[in-house]
Amino acid sequence: MTVEKQSNDGLRQKEKNDVLRTHLWHATVYYITGILYVHVYSSLFITLPFCFNNDSNGALFVTGPGPFPGVIDMYGSGGGLFEHRAALLASRGFCVLALAFFLYEDLTTDYTTITADYFIVRGIPKYNYFRKFNFDGIVPTKNGLDFTKTQEPSDDFFIKAWESNASVLCIVGEDDHCLNPQLTYRFLNLVPKEQKHRFHVIKYPGAGHLIEPPFAPHCVASFHKHLGCIFDWGGETKAHSYAQEDSWRQIIQFFTTHLVFNDFVQEKCKL
């Protein structure tokens, strides 16, 4: 699916936080006829406001009494709170926290000041997990600004994720015009040989940056409200749409395989 040319330029065609409503879309096929399809974000679920350090910073989605394996869902540098992906995951048998971390209510407006203390109260040292944009080397395109030439960091730039016990899934759109795909491959090359079995990468030729859940319209470019400019996200519509469908199946399988929970939860969870 791609956005009609006459639609609002610079706007992403998705609902931000209205996941309780069934969405109706009208699609014209080859300019011959039209079809109407229905997008239901979730089966019946309970959504609860989530409070952390006396701030309301997210929403918790559960489909019943549980128990369910837990997932924290966060978006990127645009800030704010997005609930649609969390609602979809919750409908698959997970307890999902859609978590905002900046540009939301009383949270900071500068993501480079956020440390791990925001996410975990105690147990890990302070560390700056967020990086500033480098505006040198930006390439203007017909769709917006291409940032892939601006990123040439040193090895110290990369977080040493292999020092944890977590398994990591990297989903790469190889026509990403925002984050250079080579950065992911460079990161994977830094992973020690004895740890590589925990790191998984799926490459999608022709896919852009904004790989959303299935059937979301392909967003080639949109206005970045935090940086105040149009971003070229890249991607070819057919290849990008395939990436959205396939990566969602891969994500569900990855969570099902690698989330550790006890036998009772494993028996009762409906994934």
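Along strand E5 (residues 70-73), which side chains point to one face and are buried, and which point to the other and are not? Val71 and Asp73 sit on the buried face, while Gly70 and Ile72 point the other way and are not buried. Here "buried" means under 20% relative accessible area, "exposed" means over 50%, and "partly exposed" is in between (1.4 Å probe, protein chains only).

This is a predicted model, so local features need pLDDT of at least 70 and side-chain atom pairs count only at pLDDT 80 or more, while totals for chains, interfaces and linings use all residues. Residues are numbered from 1 along each chain as its sequence is written, and side-chain values use heavy atoms, with hydrogens and water left out.

**The chain overall**

- The protein chain has four helices and twelve strands; helices (H or I, at least four residues) and strands (E, at least two) are DSSP runs, numbered from the N terminus.
- Of its 271 residues, 39% count as buried.
- About 15,900 Å² of the protein chain is exposed, and carbon and sulfur atoms supply 55% of that; these areas come from the Shrake-Rupley method with a 1.4 Å probe, and for residues only the protein chains shown count as cover.
- Among contacts with a separation of 6 or more, 64% are between residues 24 or more positions apart, where contact means heavy atoms within 4.5 Å.

**E5, H1 and E6**

- E5 and strand E6 (95-99) run parallel and pair over four bridges; two strands count as paired if DSSP finds at least two bridges between them.
- In that pairing, Ile72 stands opposite Leu97 in E6.
- The chain gets from E5 to E6 through H1, in a right-handed β-α-β crossover. Right-handed means that, with the strands pointing away from the viewer, the path from the first strand over the helix to the second runs clockwise.
- Leu99 lies in E6 and is buried, with a relative accessible area of 8%.
- Leu99 and Met74 are 25 residues apart along the chain, with their C-alpha atoms separated by 5.5 Å.

**E9, H2 and E10**

- E9, H2 and E10 make another β-α-β unit, and this one is right-handed.
- E9 pairs with strand E10 (residues 199-204) in the parallel sense over six bridges, with Cys170 opposite Val201 in E10.
- Cys178 is in the loop between strand E9 (168-173) and helix H2 (181-190), and its relative accessible area of 8% makes it buried.
- The C-alpha atoms of Cys178 and Leu210 are separated by 9.3 Å, with their positions 32 residues apart along the chain.
- Leu190, found in helix H2, is partly exposed at 27% relative accessible area.
- Leaving out residues up to four places away in sequence, Leu190 touches Asp155, Phe158 and Trp162. For Leu190 and Asp155, 35 residues apart along the chain, the C-alpha separation is 8.0 Å.

**Nonpolar cores**

- The largest nonpolar core has 24 residues, and Phe61, Leu89, Phe94, Val96, Ile114 and Tyr118 touch the most other members. A nonpolar core is a set of buried Ala, Val, Leu, Ile, Met, Phe, Trp, Tyr and Cys residues joined through side-chain atoms within 4.5 Å.
- Strand E4 (55-62), helix H1 (84-90), strand E6 and helix H3 (237-258) each supply at least two residues of this core.
- H1 gives the largest share, five residues.
- A second, separate core has nine residues, including Phe158, Trp162, Val168 and Leu188.

**Helix H3**

- H3 has 22 residues, which should span 32 Å at 1.5 Å a residue, and the end C-alpha atoms are 31 Å apart, so the two agree. The expected span is 1.5 Å times one less than the number of residues.
- Among the buried residues of H3 are His240, Gln244, Asp246, Trp248, Ile252 and Phe254.
- The buried residues of H3 pack against H1, E9 and E10.

**Backbone outliers**

- Most residues other than glycine have a negative phi.
- Glu105 is not a glycine, yet has a positive phi of about 50°. Glu105 is in the loop between E6 and strand E7 (139-140) and counts as exposed at 54% relative accessibility.
- Phe215 also has a positive phi, near 70°. Phe215 lies in the loop between E10 and strand E11 (221-224), and its 53% relative accessibility makes it exposed.
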